[in-house]
Each structure stands twice: as C-alpha cells, then as structure tokens.
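Colleague: I have a few "how do you know" questions about the labels on this model. Could we take them one at a time?
Modeller: Gladly, let's put the structure up.

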Amino acid sequence: FEVAFFSAPPWSLWLLGRVVDVIFTVDIVVTFFVACTVPNALTSDWYERSPLKIAKHYMAFPCTDSGTAGWFWLDVLTVFPWDIFHVESIRLVRVLRLLRMMRLLGGIK
C-alpha cells in the first residue's frame with residue numbers, strides 16, 4: 001500500500017509497519033516454544049514438545065513435511081528490515097508478507 005501511494009509514508013503508517021514487524025518477530029520467538037504436530041501411524045497425530053525437535057522442525061528446509069516445516073526462513077525474510085537497505089524488489093517482500101499473514105490466520109497449514 002505505502003509503496004504504491006507514497007514516496008515517503010506518513011509517520012503513522014511507518015509506525016504501524018514497525019508494530020507489525022514487532023508482532024511478527026515475537027511470533028518467530030514464540031514458535032520455538034510451541035509444540036508441533038507429528039503424525040503417528042498407530043494412533044492419531046501427537047505433539048512434539050522437545051524444544052530441540054521443535055527448532056529442527058521450524059528451521060527445516062523451507063516448506064517441507066507437507067508444508068508444515070521450515071517456515072522459519074520465510075518468517076525471517078518477512079521481518080527483515082528491507083527498506084533500511086533500499087531493496088528495489090519490494091513486490092517480493094510484499095508477497096512473502098502476504099504468505100506469512102495467511103499462515104498466521106490459518107489459511108496455510
């Protein structure tokens with residue numbers, strides 16, 4: 001939005017963007033402590049509670065394990081302050097953020 005309509009976004013819009021970045025950063029940290037689902041052939045799915053195994057699952061190769069593992073790398077790319085480094089490909093960053101927002105809202109499992 002701000003890229004399309006503003007050469008320099010208003011202060012309130014810039015601040016809103018930073019608040020969203022903080023929320024996404026907190027979500028990255030929290031995800032390391034949230035149990036992840038592990039399929040079990042004998043019974044229904046169960047949850048992995050080991051912090052090391054959760055971290056391995058979260059930091060796996062991007063979007064592996066039927067799209068449930070490896071989201072760490074996408075999450076970091078969406079939170080990285082690209083505007084500070086004047087990256088020209090803002091569209092890619094926006095698409096990544098849209099994917100992340102959909103994942104947070106439960107649209108992508």
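Colleague: What makes Asp21 count as buried or exposed?
Modeller: Its relative accessibility is 10%. Buried means under 20%, so Asp21 counts as buried. Do keep in mind that this is a predicted model.

Colleague: And how do you know where Arg18 belongs on that scale?
Modeller: The relative accessible area of Arg18 is 22%. Partly exposed covers the range between 20% and 50%, so Arg18 is partly exposed.

Colleague: Why is the contact of Asp21 and Arg18 called a salt bridge?
Modeller: The side chains of Asp21 and Arg18 come to 3.3 Å, N to O. The rule asks for a side-chain nitrogen of Lys or Arg within 4 Å of a carboxyl oxygen of Asp or Glu, so this contact is a salt bridge. A search of the whole structure finds one salt bridge.

Colleague: Where do Asp21 and Arg18 sit along the helix?
Modeller: Both belong to helix α2, residues 11-31. They are three residues apart there, which means a separation of about one helical turn.

Colleague: Let's turn to the rings. Why is the pair of Phe32 and Tyr58 called edge-to-face?
Modeller: Two numbers decide, because a pair of aromatic rings is described by the distance of the centres and the angle of the planes. By this rule there are four aromatic pairs. For Phe32 and Tyr58 the values are 5.0 Å centre to centre and 80° between the planes. Centres must lie within 6.5 Å, and planes over 60 degrees apart count as edge-to-face, so both conditions are met by Phe32 and Tyr58.

Colleague: Which parts of the chain does that pair tie together?
Modeller: Phe32 is in the loop between α2 and β1 (36-38), while Tyr58 is in helix α3, so the pair ties together parts that are 26 residues apart in sequence.

Colleague: What makes the pair of Phe32 and Phe72 an aromatic pair as well?
Modeller: Their centres are 5.7 Å apart, with 65° between the planes. Set against the limits of 6.5 Å and 60 degrees, Phe32 and Phe72 therefore form an edge-to-face pair. Phe72 lies in helix α4, so this pair ties together parts that are 40 residues apart in sequence. Ring pairs link Phe32, Tyr58, Phe72 and Trp73 into a cluster.

Colleague: How do you know whether Phe32, Tyr58 and Phe72 are buried or partly exposed?
Modeller: The relative accessible area of Tyr58 is 5%, and that of Phe72 is 13%. Under 20% means buried, so Tyr58 is buried and Phe72 is buried. Phe32 has 22%, so Phe32 is partly exposed.

Colleague: Which residues make up the largest nonpolar core?
Modeller: There are eight: Phe24, Ile28, Tyr58, Trp71, Phe72, Leu74, Val79 and Leu96. The elements giving two or more residues to this core are α2 and α4 (71-79), and α4 gives the most, with four.

Colleague: How many helices and strands does the whole chain have?
Modeller: Five helices and two strands, in the order α-α-β-β-α-α-α along the sequence. Of its 109 residues, 25% count as buried. The chain exposes about 7900 Å², with carbon and sulfur atoms supplying 73% of it.

Conventions. Residues are numbered from 1 along each chain as its sequence is written. This is a predicted model: local features need pLDDT of at least 70, side-chain atom pairs count only at pLDDT 80 or more; totals for chains, interfaces and linings use all residues. Side-chain values use heavy atoms; hydrogens and water are left out. Buried means under 20% relative accessible area, exposed over 50%, partly exposed in between (1.4 Å probe, protein chains only). A nonpolar core is a set of buried Ala, Val, Leu, Ile, Met, Phe, Trp, Tyr and Cys residues joined through side-chain atoms within 4.5 Å. Accessible areas come from the Shrake-Rupley method with a 1.4 Å probe; for residues, only the protein chains shown count as cover. Rings of Phe, Tyr and Trp (its six-membered ring) pair if their centres lie within 6.5 Å; planes under 30 degrees apart count as stacked, over 60 as edge-to-face and the rest as tilted.
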